Amino acid sequence: MTNPSPQDIACRLIESAMTGALGVIHPETGHPHVSRVAVGATPGGEVYVLVSELSMHTKALRANPKCSLLVGEFDESGDPLDSARLTLTGRARFLERGGDEHLDCRSHFLSVSGVPRPYVDFADFRFVVIEAETAFLNAGFGKASAIDPGRLRPGRRENS
């Protein structure tokens with residue numbers, strides 16, 4: 001079996017992500033602010049997060065859409081420094097509630113987990129697409145690389 005390419009590892013991280021760490025710029029202090037958020041990827045490969053209008057990170061994204069998103073869980077070794085993780089940086093794009101993109105994200109979000117998620121329909125929750133401008137993979141010691149974010153779509157994986 002061949003070793004997976006960095007692109008394949010990154011795609012798997014996106015496809016399997018259920019949560020991530022969303023980094024934003026705090027609108028009052030200008031300091032970085034990081035929050036855990038629910039994450040998903042559309043069938044077309046766009047990465048989205050589900051956020052509440054009541055949260056600080058949503059207020060920050062409304063003030064400045066620049067953001068970063070870290071995805072990746074500890075692997076079986078449990079070593080956080082040897083477990084693959086992917087950082088996307090770019091801009092947040094809020095989806096119109098009830099629009100086609102929102103409904104597609106909602107359907108996908110509810111289909112990927114056996115856990116009931118009633119908050120997805122709460123009036124204050126929104127899907128936000130992360131329009132990635134950069135992607136950086138750290139797949140463990142000595143395995144870090146920049147990846148073209150345009151290649152991080154399920155249909156573009158090198159070794160399917």
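**Entry 1: Histidine 102**

I started with histidine 102 and asked: is histidine 102 buried or exposed? I found a relative accessible area of 5% in this predicted model. Buried means under 20%, so histidine 102 counts as buried. Next I looked up where histidine 102 sits, and found this residue in helix α3, which spans residues 100-111. Leaving out residues up to four places away in sequence, I listed what histidine 102 touches: Leu95, Glu96, Arg97 and Phe127.

**Entry 2: Serine 16**

For contrast I turned to serine 16, which belongs to helix α1 (residues 6-16). Its relative accessible area is 52%. The cut-off for exposed is over 50%, so I wrote serine 16 down as exposed. I also checked a distance: the C-alpha atoms of serine 16 and valine 39 are 9.3 Å apart, with these positions 23 residues apart along the chain.

**Entry 3: Helix α2**

Which residues of helix α2 (residues 56-63) are buried? I noted His57, Thr58, Ala60 and Leu61. These residues lie on the same side of α2, because they cover an arc of only 160° around the axis. I then looked for what they pack against, and the list is made of strands β1 (19-25), β2 (32-41), β3 (47-52), β4 (66-71), β5 (85-94) and β6 (125-138).

**Entry 4: The nonpolar cores**

A reminder to myself: in soluble globular proteins, nonpolar side chains tend to be buried together. Here the largest nonpolar core has 30 residues. Those touching the most other members are Leu22, Val39, Val49, Leu69, Leu86 and Leu152. Val39 is a name I already had from the serine 16 distance. I found that α1, β1, β2, β3, α2, β4, β5 and β6 each give two or more residues to this core. Which element gives the largest share? That is α1, with 5 residues.

I picked leucine 86 for a closer look. Not counting residues up to four places away in sequence, leucine 86 touches Ala10, Leu13, Ile14, Leu69, Leu70, Val71, Ala135, Phe136, Leu137 and Leu152. There is also a second, separate core of 10 residues, and Leu50, Val120, Phe125 and Phe127 are among them. Phe127 was familiar to me too, as a residue that histidine 102 touches.

**Entry 5: Confidence**

Last, I checked how sure the predictor is. The chain averages a pLDDT of 87, and 89% of the residues score at least 70. Where I should read with care is residues 155-160, with a pLDDT below 50. In the model this stretch has 17 contacts beyond near neighbours in sequence.

Notes
Residues are numbered from 1 along each chain as its sequence is written. This is a predicted model: local features need pLDDT of at least 70, side-chain atom pairs count only at pLDDT 80 or more; totals for chains, interfaces and linings use all residues. Side-chain values use heavy atoms; hydrogens and water are left out. Helices (H or I, at least four residues) and strands (E, at least two) are DSSP runs, numbered from the N terminus. Buried means under 20% relative accessible area, exposed over 50%, partly exposed in between (1.4 Å probe, protein chains only). The arc is that of the directions from the helix axis to the C-beta atoms. Contact means heavy atoms within 4.5 Å. A nonpolar core is a set of buried Ala, Val, Leu, Ile, Met, Phe, Trp, Tyr and Cys residues joined through side-chain atoms within 4.5 Å. pLDDT is the predictor's confidence in each residue, from 0 to 100.
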